[in-house]
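This report introduces selected features of the structure shown below. It turns from an aromatic pair to a helix contact and then to the nonpolar cores.

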Amino acid sequence: MSVWLPSAPCTPGACVERTGSLTTLPRAVLRFAAVVALMLVAIALLPIGWGSPRLRGRIPTEWVRRFSRTLVRAAGVQVRITGRAPDSGGVLLVANHISWMDIPLLAAVRPARMLAKKEIREWPVAGALVAGAGALFIDRDRLRALPDTVGRIAGALREGAAVVAFPEGSTWCGRAQGRFRRAVFQAALDAGAPVQPVRLHYRLEAGAASTVPAYVGEDTLLASLWRVVTTRGLVAEVDIRPLIPAGSHPDRRTLARAAQPVTHEPAWTHAALVSPEGASQWSVSKWSLSKSTP
């Protein structure tokens, strides 16, 4: 477990339910190849687009949005976005975290710099894409790095950039969810920037919630991608909630609570969530760590 960001108790064995029908093998292979090909194209375009600080913005943001939607659709997933985020100015986009698909889905909302754990650098293909797009990498095992990380986020926001963060600190299965941690919201307060909450949800065309896209525990990126491309009728829903204006909340605690997406999914638990070990939660004071139980 990270010293300042939690690890979710969700695991592929306990959480990922193979529901819905499977697509044909040839179609699944074509989807898989299309996703990889699009990622390679994106990496090739980074030097003239969002990956270069000097040239950032040469590729129109609308193109980035469309490309991001196309990437998810290439995996056989329908995309439905409701609401709209600000097109310009510094803004902290925060969302619940379920899948690797969350990243292109939020880029479809607004191209942004991502706050990401340093391990993502090692992801095949996707790691190079995230790094080249200007991600702000964090070392989750070093508490002393927290002030510097918050400072870098605040600096990017002051410069007018959008920054994406997943305040739960880890991916969850989509039915169970974590609590938004407060540290990242300090950056928005320090920069005087608004916060844009986004709720992500994955379901089947028939309407049932699906955990197939979840990327949790010891799951691998390739295994998760293969589950997605072999499943028929997946739908990704992106609900852009009302913007939280700068200065509307006095501290990061109330700001985090206001930004936390409220879910109306049926109650759903598994053993790791109801055990004493799974029940304990980590909370972060401004630069110190404490442990609390709900």
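In this predicted model, Phe32 has a relative accessibility of 23% and therefore counts as partly exposed, since buried residues must fall under 20%. Trp226, at 33% relative accessibility, is likewise classed as partly exposed.

| Residue | Helix | Relative accessibility |
|---|---|---|
| Phe32 | H2 | 23% |
| Trp226 | H8 | 33% |

Two aromatic pairs are found in a search of the whole structure. Phe32 and Trp226 make up an edge-to-face pair, with 6.0 Å from centre to centre and 65° between the planes. Because Phe32 belongs to helix H2 and Trp226 to helix H8 (residues 221–229), this pair ties together parts 194 residues apart in sequence.

Helix H2 also takes part in a helix contact. H2 (residues 25–45) packs with helix H3 (residues 61–74) at an angle of about 155°, and their axes are 8 Å apart. The two helices are therefore roughly antiparallel, as the angle is over 145 degrees. On the H2 side the contact is made by Arg31, Ala34, Val35, Leu38, Met39 and Ala42, and on the H3 side by Phe67, Thr70, Leu71 and Ala74. Eight of the residues in this contact are nonpolar, one is polar and one is charged.

The largest nonpolar core holds 56 residues, of which Val77 and Trp100 touch the most other members. H2 supplies the largest share of this core, five residues. Leaving aside residues up to four places away in sequence, Trp100 touches Trp123, Tyr215, Leu221, Ser224, Leu225 and Val228. Another core, of 27 residues, lies apart from the largest one and includes Leu157, Phe185, Ala191 and Ala259.

Technical notes
Residues are numbered from 1 along each chain as its sequence is written. This is a predicted model: local features need pLDDT of at least 70, side-chain atom pairs count only at pLDDT 80 or more; totals for chains, interfaces and linings use all residues. Side-chain values use heavy atoms; hydrogens and water are left out. Axes are lines fitted to C-alpha atoms, for helices over the stretch in contact, and angles run from 0 to 180 degrees between N-to-C directions. Helices (H or I, at least four residues) and strands (E, at least two) are DSSP runs, numbered from the N terminus. Angles under 35 degrees count as roughly parallel, over 145 as roughly antiparallel, 65 to 115 as roughly perpendicular and the rest as oblique. Contact means heavy atoms within 4.5 Å. Ala, Val, Leu, Ile, Met, Phe, Trp, Tyr, Cys and Pro count as nonpolar, Asp, Glu, Lys and Arg as charged, and the others, Gly among them, as polar. A nonpolar core is a set of buried Ala, Val, Leu, Ile, Met, Phe, Trp, Tyr and Cys residues joined through side-chain atoms within 4.5 Å. Buried means under 20% relative accessible area, exposed over 50%, partly exposed in between (1.4 Å probe, protein chains only). Rings of Phe, Tyr and Trp (its six-membered ring) pair if their centres lie within 6.5 Å; planes under 30 degrees apart count as stacked, over 60 as edge-to-face and the rest as tilted.
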